[in-house]
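Visitor: I would like to learn how to read a protein model. Please take me through this one step by step.

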Amino acid sequence: MIIASIRRGYGNLARFSGRDTRAQFWPFVLIHLGAVMAGMMILFAVMIPPILRGMRDAAAARANGVAIAADGAGTSPIGTSPLSAMLPFVLAMGAVFIVLIAAACVRRLHDTGRPGWIAAIPALLFAASGLMMGRVFTQPMETGEIDTGYFMATWLVTMIYNISVLALAALLCMKSEAGTNRFDQPE
């Protein structure tokens with residue numbers, strides 16, 4: 001069943017029409033979600049120790065041993081925000097995951113009788129949140145200040161993204177619509 005789900009998922013990677021049952025959808029998605037989570041853990045395990053060492057060394061190099069802030073020239077003793085170095089990798093993994101499951105989500109939503117465009121809402125919010133996070137991480141290192149209004153806006157978009165993912169997951173878990181619906185007949 002798992003192998004059949006994965007074959008079906010890859011065979012229909014660009015097919016945004018038709019229907020997928022829960023049994024066809026969930027194994028394919030959960031395998032990819034697990035792969036992305038494993039990739040994130042590896043990324044963090046590889047990138048966090050050097051970032052922490054750099055922060056420690058920069059703090060030790062300062063006269064008071066603590067201050068890590070932007071200087072008058074707008075540069076940091078450790079360069080740009082260490083976390084911003086990880087952001088492109090996190091966004092890339094998220095984008096690959098979205099591309100891999102996009103068509104499957106649309107077909108699954110069709111199977112429940114809902115339009116597939118609903119799946120685009122979390123994807124758009126993910127992109128907006130990721131782009132906003134870049135500024136949240138780099139601005140304090142460049143200017144020495146935090147724009148609290150922008151930070152709160154980023155937080156709000158991220159929270160709405162999280163809620164939209166939970167709502168989409170709930171829709172994807174719903175029972176299939178019996179018989180033929182406006183999107184197709186069950187396969």
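Guide: What follows goes from the whole chain to a pocket and then to single residues. This is a predicted model, in which local features need pLDDT of at least 70 and side-chain atom pairs count only at pLDDT 80 or more, while totals for chains, interfaces and linings use all residues. Residues are numbered from 1 along each chain as its sequence is written, and side-chain values use heavy atoms, with hydrogens and water left out.

Visitor: What is the average pLDDT of the protein?

Guide: pLDDT is the predictor's confidence in each residue, from 0 to 100. The protein averages 84, and 87% of its residues score at least 70. Over residues 65-79 the pLDDT is below 50, and this stretch has 31 contacts in the model beyond near neighbours in sequence. A contact means heavy atoms within 4.5 Å.

Visitor: How many helices and strands does the protein have?

Guide: Both are DSSP runs, numbered from the N terminus: helices are H or I with at least four residues, strands are E with at least two. Here there are five helices and zero strands, in the order α-α-α-α-α along the sequence. Confidence is lowest in helix 4 (residues 120-143), with a mean of 85, and highest in helix 5 (residues 148-173), at 95.

Visitor: Where is empty space left, and how much lies in the largest pocket?

Guide: Rolling a probe the size of a water molecule over the atoms shows where empty space is left. A pocket is an open set of points on a 1 Å grid over the protein atoms alone, where a 1.4 Å probe fits, with protein on both sides within 12 Å along at least five of seven lines; lining residues have an atom within 4 Å of a point. The volume is the space filled by probe spheres set on the points, which are joined across faces, edges and corners. In this model the largest pocket holds about 1,000 Å³. It is lined by 40 residues, and those closest to its centre are Gly94, Phe97, Phe126, Tyr161 and Val165. Helix 3 gives the most to this lining, with twelve residues.

Visitor: Which classes of residue make up the lining of the largest pocket?

Guide: Ala, Val, Leu, Ile, Met, Phe, Trp, Tyr, Cys and Pro count as nonpolar, Asp, Glu, Lys and Arg as charged, and the others, Gly among them, as polar. The lining has 34 nonpolar, six polar and no charged residues.

Visitor: Is Met132 buried or exposed?

Guide: Buried means under 20% relative accessible area, exposed over 50%, and partly exposed in between, with a 1.4 Å probe and protein chains only. Met132 is at 15%, so this residue is buried. Met132 lies in helix 4 and, neighbours within four places in sequence aside, is in contact with Tyr150, Ala153, Thr154 and Val157. By contrast, Arg7 in helix 1 (residues 2-11) counts as exposed because its relative accessibility is 63%.

Visitor: Where is Glu177, and which side chain does its own side chain join in a polar contact?

Guide: A polar contact is a pair of N or O atoms within 3.5 Å; within protein, one must be able to donate a hydrogen and the other to accept it, and residues adjacent in sequence count only if both atoms are side-chain atoms. Glu177 is in the segment after helix 5, and its side chain joins that of Asn181 at 3.1 Å. Glu177 is partly exposed, with a relative accessible area of 35%.
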